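User: Hi! I have a structure open and I'd like some help reading it. Can we go through it together?
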Amino acid sequence: MAEAAIYIFIFLFGICIGSFLNVCIYRMGREESIVHPGSHCPHCQKPILGQDNIPLLSYILLRGKCRFCGKKISFRYFSVELLTGLLFLAIYHRFGATPVTLIYCALTAGLIVATFVDIDFQIIPDEISVGGIVVGIILSVLFPAIHGRLGHLLGLRDALLGILVGGGVLWVLGCIGDFIFKKESMGGGDIKLLAMIGAFLGWKIALLSLPLASLVGAVVGVIIKVRTKQSVIAFGPYLALGALIGLFWSEKIITTFFYF
């Protein structure tokens with residue numbers, strides 16, 4: 001019974017964080033403050049009432065429409081809240097009631113924001129990537145267990161190595177791509193995002209995230225190319241997905257396919 005209550009709390013906490021992430025996603029891409037003004041309808045600009053700002057439930061009760069102007073509210077708001085709640089649940093289930101769980105939840109929140117901002121604007125905010133690198137280094141020293149270490153200096157070493165390998169490998173690949181295609185092939189935001197992933201998860205998962213992202217991105221890219229004729233796709237979402245896959249299953253994947 002107590003365990004069920006904890007799971008419910010984690011989910012409710014996650015969807016509340018997801019509601020805030022929606023604000024970050026909408027405003028960061030537009031270079032707007034995430035603090036001021038308060039939540040408002042993007043169509044009529046009227047402030048959202050407290051009873052209309054309850055994660056998941058308000059969207060259902062309002063049938064996905066603004067109370068005042070009746071304009072449709074994007075289903076993304078609902079989906080981001082639900083996704084965040086489910087991922088937080090999965091992290092808690094995998095890592096238990098430890099500081100590591102909170103840290104991985106914070107990383108996941110950053111990856112969610114980076115994903116949807118990149119989809120909309122083809123940018124990854126420095127507040128997420130660069131800020132995440134700094135936070136990742138600090139947390140690696142304070143809580144080296146996120147790298148499976150006991151010593152603080154070992155945690156720092158793993159974070160710095162993760163940044164170097166993650167960001168460095170993608171930077172080199174970008175330079176090669178620029179030379180071959182005679183145009184920018186890899187955005188700086190992607191490089192910093194993978195460096196951030198390395199800061200939190202270490203060099204092995206950072207390196208593993210790249211082929212996973214490339215594999216999924218290639219499949220989705222072909223589909224997008226066929227349907228829309230669009231040749232440029234955001235790579236950040238696939239790096240984020242690769243990082244999450246690595247977070248949960250890196251040991252099994254590495255043991256099965258690689259020998260580091």
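Analyst: Happy to! Let's begin with charged side chains: Arg149, Arg157 and Asp158 are linked in a network of salt bridges. Keep in mind that this is a predicted model.

User: Which pairs make up that network, and what are their distances?
Analyst: Arg149 pairs with Asp158, with 2.8 Å between the closest N and O atoms. Arg157 also meets Asp158, at 3.3 Å from N to O.

User: Is Asp158 buried or exposed?
Analyst: Asp158 counts as buried, at 7% relative accessibility. Its two partners are partly exposed: Arg149 has 32% and Arg157 has 42%.

User: Why do such side chains pair up at all?
Analyst: Side chains of opposite charge can pair when their charged atoms come close.

User: How many salt bridges does the structure hold?
Analyst: There are 5. One of them joins Asp126 to Lys192, with the closest N and O atoms 2.6 Å apart. Asp126 is in helix α5 and Lys192 is in helix α7, so this pair ties together parts that lie 66 residues apart in sequence.

User: How accessible are Asp126 and Lys192?
Analyst: Asp126 is partly exposed at 38%, and Lys192 is partly exposed too, at 29%.

User: OK, new topic. What's in the largest nonpolar core?
Analyst: That core has 52 residues, and Leu111, Leu201 and Leu239 have the most contacts inside it. Helices α1, α3, α4, α5, α6, α7 and α8 each supply at least two of its residues. Helix α7 gives the most, with 13 residues.

User: What does Leu201 touch?
Analyst: Setting aside neighbours within four places in sequence, Leu201 is in contact with Tyr104, Leu107, His147, Ala243 and Leu247.

User: And Thr108, where is that?
Analyst: Thr108 sits in helix α4. At 1% relative accessibility, Thr108 is buried. Beyond its neighbours within four places in sequence, Thr108 is in contact with Leu87, Ile91 and Leu244.

User: I clicked on Gly221 as well. Which helix holds it?
Analyst: Gly221 is in helix α7, which covers residues 188-228. This glycine is buried, with a relative accessible area of 14%. You can also look for Ala234, 13 residues away along the chain: the C-alpha atoms of Gly221 and Ala234 are separated by 9.3 Å.

User: Let's go to the outside. Which residues form a nonpolar patch on the surface?
Analyst: The patch is made of Trp171, Val172, Leu173, Ile176, Phe179, Ile180 and Phe181, and together they have about 770 Å² of accessible area. Phe179 is a handy one to pick out, as a residue of helix α6, residues 152-181. Phe179 is exposed, with a relative accessible area of 61%.

User: I see some cysteines. How many disulfides does the search find?
Analyst: The search of the whole structure finds 0.

User: Why is there no bond for Cys44?
Analyst: The closest cysteine sulfur to that of Cys44 belongs to Cys41, and at 3.7 Å it is too far away for a bond. A disulfide here needs the two sulfur atoms within 2.5 Å.

User: And what about Cys69?
Analyst: The sulfur of Cys69 is 3.7 Å from its closest cysteine sulfur, in Cys66, which is again too far for a bond. As for accessibility, Cys69 is partly exposed at 31%, and Cys44 is partly exposed at 26%.

User: Last topic: the backbone. Where is there a cis peptide bond?
Analyst: Look at the bond from His36 to Pro37, which is cis, with omega near -5°. Pro37 lies in the loop between α1 and α2.

User: Which residues other than glycine have a positive phi?
Analyst: Leu56 is one, with phi near 65°, and Gln122 is another, with phi near 55°. Leu56 is in the loop between α1 and α2, whereas Gln122 is in the loop between α4 and α5.

User: Why point those out?
Analyst: Most residues other than glycine have a negative phi, and most peptide bonds are trans.

User: Are Leu56 and Gln122 buried or partly exposed?
Analyst: Leu56 counts as buried, at 11% relative accessibility. Gln122 is partly exposed, at 44%.

Conventions. Residues numbered from 1 in each chain as written. Predicted model: local features only at pLDDT ≥ 70, side-chain atom pairs only at ≥ 80, totals over all residues. Heavy atoms only, no water. Buried < 20%, exposed > 50% of the residue type's maximum accessible area, 1.4 Å probe, protein only. Helix = DSSP H or I, 4+ residues; strand = E, 2+ residues; numbered from the N terminus. Patch = residues over 30% accessible without salt bridge, like charges linked within 9 Å, V, L, I, M, F, W, Y side chains within 5 Å. Areas by Shrake-Rupley, 256 points an atom, 1.4 Å probe, with all protein chains shown as cover. Salt bridge = Lys/Arg side-chain N within 4 Å of Asp/Glu carboxyl O. Core = buried A, V, L, I, M, F, W, Y, C linked by side-chain atoms within 4.5 Å. Contact = heavy atoms within 4.5 Å.
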